[in-house]
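Q: Could you walk me through this model, one feature at a time? I'd like to learn how to read each kind.

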Amino acid sequence: MDSYFSELGGMVYDRWKKVDFSPEAFPEIATAVFVERPPADNVNLPELVREFLLEDAQPVQSTSGFGQPELIVYDTPRFYIQVLFWMEGTTDIHQHGFSGAFHVMEGSSLHSLFEFEDAESITSHFRVGNLKLKESHLLETGATMPIVSGSGCIHSLFHLDSPSVSIVIRTHSDPSCGPQFTYLPPHLAVDPVQNDGLTLRRKQLLDLLEQTGDPEYADLVIEMIRELDFERGFFILQNGIGHLRNLGVWAEAWEAFALKHGPLAEAVPPTLEEIIRRDGIAAMRGMIGDPDHRFFLALMLNVEDGESFLEMVGLRYGGAPVDMILQWAEELMQVTESGTWMIDAEFPDELGIVQDEQPEIFLEALRYFLNAENPPANISSGDLEVLRKAFERSSWRALIKP
Ligand SMILES: [Fe+2]
């Protein structure tokens with residue numbers, strides 16, 4: 001067992017015992033210990049890796065799928081310390097069923113905090129409400145943040161470097177705080193460990209019918225939507241939206257859902273659109289290694305207002321954020337058979353401009369929308385409006401000045 005983590009764990013244990021293991025006191029104690037003895041300054045990562053691989057005397061390891069991977073480096077019946085490696089950038093927006101603190105030992109992360117307003121429980125595993133981003137900030141190597149269980153601390157982390165390593169001092173669980181909800185912005189909260197095996201198997205069976213091109217697929221899904229409750233109906237819609245759209249029957253499936261669930265159904269379309277947008281950006285991020293581009297995609301995924309977006313680019317790179325963004329836009333431009341793409345904004349076909357000229361016009365329009373200065377002389381005002389709408393339909397919308 002690593003001696004530094006034994007010492008860190010011992011400090012936490014002694015201080016917590018002094019306050020009778022008060023659950024409310026734990027995040028503050030864990031945070032203070034991280035600040036006094038920061039892992040970023042005290043852990044030699046190659047040595048830790050070597051010790052873990054060669055020394056058998058380790059705490060009992062979990063079989064959790066969290067972390068890539070997760071190592072448990074200290075364990076007591078009341079709390080434990082985990083080392084989490086991250087190769088992929090993003091965690092879902094979530095709350096915790098435990099408390100403690102986390103520390104960025106290697107790499108840096110974009111950290112976003114949210115509130116879930118007007119929450120209404122549909123079932124004990126499924127909620128409707130309004131998820132609002134409170135703030136986003138950069139956590140550099142050495143940063144520490146408390147973790148409070150329950151809906152008071154809803155957050156997401158986008159790891160900017162690969163691998164990123166974080167250390168968590170945490171309780172095993174705080175049973176009083178309910179499910180560890182995952183949030184699907186802007187309107188839903190779902191319990192990721194809810195054990196609804198029947199729905200899981202039904203989705204898998206539908207996927208099979210999709211893959212085999214079964215002619216009954218659409219009718220079966222629509223019949224299910226007419227029958228199912230709100231929670232399970234949503235999961236079936238979410239699972240099938242791509243294929244239903246391809247089949248040209250999405251409108252019919254949606255109508256069946258809306259008819260059955262009335263005003264409550266209105267929470268669903270923006271949430272499904274946002275799931276598709278986030279999946280698209282996350283998939284792009286998976287294919288992009290350049291840390292600057294990963295940072296840019298992290299902001300696109302997580303930052304909703306243009307001012308904070310520009311501020312964070314400025315903080316990390318200095319200089320003029322707009323110039324930086326235009327450079328990334330140019331580097332990330334893709335000219336493909338399906339069209340000219342800038343991240344998830346597609347150059348509008350209806351302008352009738354030949355593909356060779358599209359990248360330059362796309363960039364000029366973006367420069368104008370970002371700076372809101374004089375419009376480019378070679379693009380008509382009608383065309384500019386069409387281009388503006390293309391950006392507004394995409395993840396660029398946070399940056400486009402009205
Ligand atoms: Fe978390």
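Q: Let's start with a single residue. Which helix does Val49 lie in?
A: This is a predicted model, so keep that in mind throughout. Val49 sits in helix α4, which spans residues 45–54.

Q: Is Val49 buried or exposed?
A: In between, actually. Buried is the label for under 20% relative accessible area and exposed for over 50%. Val49 comes out at 32%, so it counts as partly exposed.

Q: What surface patch does Val49 help make?
A: A nonpolar one of about 310 Å², made by Val49, Leu53 and Leu54.

Q: On to the metal. Which protein atoms are donors of the iron ion?
A: Start with the donor atoms, then look at their spacing along the chain. Here the NE2 atoms of His94, His96 and His155 do the job, lying 2.1 to 2.2 Å from the iron ion. In sequence, the donor residues follow the pattern H-x1-H-x58-H. The pair His94 and His155 links distant parts of the chain: His94 is in strand β3 (residues 93–96), His155 is in strand β8 (residues 150–159), and 61 residues separate them.

Q: Are His94 and His155 buried or exposed?
A: His94 has 14% relative accessibility, so it counts as buried. His155 is at 3%, so that one is buried as well.

Q: Now strands. How many bridges join β5 to β6?
A: For a strand pair, look at direction, bridge count and connection. Strand β5 (residues 109–123) and strand β6 (residues 126–139) run antiparallel, with 12 bridges joining them. A two-residue hairpin connects β5 to β6. For one matched pair, take Glu117, whose bridge partner in β6 is Asn130.

Q: What about β5 and β8, and which residue stands opposite Phe114?
A: β5 also pairs with β8, in the antiparallel sense, over six bridges. Across from Phe114 you'll find Ile154 in β8. As a general reading aid, side chains in a regular strand alternate between the two faces of the sheet.

Q: Where does Ile72 lie, and is it buried or exposed?
A: Ile72 lies in strand β1, residues 70–75. Its relative accessible area is 5%, so Ile72 is buried. β1 as a whole is mostly covered, with five of its six residues buried.

Q: Which residues are in contact with Ile72?
A: Skip the neighbours within four places in sequence, and the contacts include Phe52, Val60, Tyr80 and Ile81. Ile72 and Val60 are 12 residues apart in sequence, with their C-alpha atoms 7.3 Å apart in space.

Q: How do β1 and β2 pair?
A: They pair in the antiparallel sense over five bridges. Three residues lie between β1 and β2 in the hairpin they form. One bridge to look up is Leu71, whose partner in β2 is Val83.

Q: Which residues of helix α2 are buried, and what covers them?
A: For a helix, list its buried residues, then see which elements cover them. In α2 (residues 26–36), the buried residues are Phe26, Pro27, Ile29, Ala30, Thr31, Val33 and Phe34. Their cover includes α1 (3–18), β2 (79–86) and β9 (164–171).

Q: Last one: what is the strand order in the open sheet of three strands?
A: The order is β12-β13-β14, with antiparallel pairing. β12 (333–336) and β14 (345–346) stand at the edges with a single partner strand each, so one side of each has no neighbour in the sheet. β12 and β13 (residues 339–342) pair over four bridges, and Met333 stands opposite Met342 in β13.

Note on methods:
Residues numbered from 1 in each chain as written. Predicted model: local features only at pLDDT ≥ 70, side-chain atom pairs only at ≥ 80, totals over all residues. Heavy atoms only, no water. Patch = residues over 30% accessible without salt bridge, like charges linked within 9 Å, V, L, I, M, F, W, Y side chains within 5 Å. Areas by Shrake-Rupley, 256 points an atom, 1.4 Å probe, with all protein chains shown as cover. Salt bridge = Lys/Arg side-chain N within 4 Å of Asp/Glu carboxyl O. Buried < 20%, exposed > 50% of the residue type's maximum accessible area, 1.4 Å probe, protein only. Donors = N, O, S within 2.8 Å, 3.2 Å for Na, K, Ca; no water. Pairing = 2+ DSSP bridges. Contact = heavy atoms within 4.5 Å.
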